[in-house]
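Q: Please take a close look at one strand of this protein and describe its setting in detail. Which strands does it pair with, and how does it sit within the overall fold?

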Amino acid sequence: MSKVVKRMMIDEIRDRLGEARELVIIDSSRLDANSDNQFRLGLREKGITVMQVKNTLARKAMEELGVAGDDIRPLLSGPSSLVWGGEDIVALSKEITQWAKQIDELEIKGGAVEGQALDADGIDQLSKSPGRLELIGQIAGLALSPGAVLAGALLGTGGTIAGQLEAIAEKEDEAA
């Protein structure tokens, strides 16, 4: 392959990755045609892109983009596909891990998160952590919890006082 063609292929990989700096590397070469088609269509519905790459060209494109540096080199051996997109890297890792459990032939090699390379176990651990929306919900809950505790305390005390006043009023009505 000539240098011009290689440069064009590297540019294509770099352009397709665009702003994506968080990705998962898989080996889907052992999938039969039906499983591969089902896998790719399922990912496409979630806004996730899969691209089979030549390892040396992918390494060069990823170096130019600053994705995980030299740490990514061991993951790019043998048949490789880059997977990126979706809501965030946690959602991506959850989706890929779920597919890997459904399709035994699908192998997760690792990935890149915030400039750091992760092995397959790292991607599995990442898939078990809360996603972006879950974290936002947890933060909102934590931010609102002091107010909820205060309101509960005020309502609890207020309810007790109201109950006691009602009991006193009933005694006065009975006495009168």
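A: **Strand β3 and its surroundings**

From one end of the sequence to the other, the elements of this predicted model are arranged in the order α-β-α-β-α-β-α-β-β-α-α. The radius of gyration of the protein is 27 Å, whereas the globule rule gives 16 Å for 176 residues, so the protein is more spread out than a compact globule. In keeping with this topic, the C-alpha trace spans about 105 × 35 × 25 Å along its principal axes.

Within this fold, strand β3 comprises residues 80–85. Five of its six residues are buried, which leaves the strand mostly covered; for the protein as a whole, 34% of the 176 residues count as buried.

Strand β3 pairs with β1, residues 23–27, through three bridges, and the two run antiparallel. In this pairing, Ile25 stands opposite Leu82 of β3. Strand β3 is also joined to β2, residues 48–53, by six bridges, again in an antiparallel arrangement. Here Met51 stands opposite Leu82. Leu82 thus has Ile25 across from it in one pairing and Met51 in the other. As a general point, side chains in a regular strand alternate between the two faces of the sheet.

Turning from the strand to the contacts of the protein, among those between residues at least 6 apart in sequence, 78% join residues at least 24 apart. The accessible surface comes to about 10700 Å², and carbon and sulfur atoms account for 55% of this area. As for charge, the protein carries 20 positive and 29 negative side chains, with the centres of the two sets 14 Å apart.

Terms used: Residues numbered from 1 in each chain as written. Predicted model: local features only at pLDDT ≥ 70, side-chain atom pairs only at ≥ 80, totals over all residues. Heavy atoms only, no water. Helix = DSSP H or I, 4+ residues; strand = E, 2+ residues; numbered from the N terminus. Rg over C-alpha atoms; globule rule 2.2 N^0.38 Å. Buried < 20%, exposed > 50% of the residue type's maximum accessible area, 1.4 Å probe, protein only. Contact = heavy atoms within 4.5 Å. Areas by Shrake-Rupley, 256 points an atom, 1.4 Å probe, with all protein chains shown as cover. Lys, Arg positive; Asp, Glu negative; His and termini not counted. Charge placed at Lys NZ, Arg CZ, Asp CG, Glu CD. Pairing = 2+ DSSP bridges.
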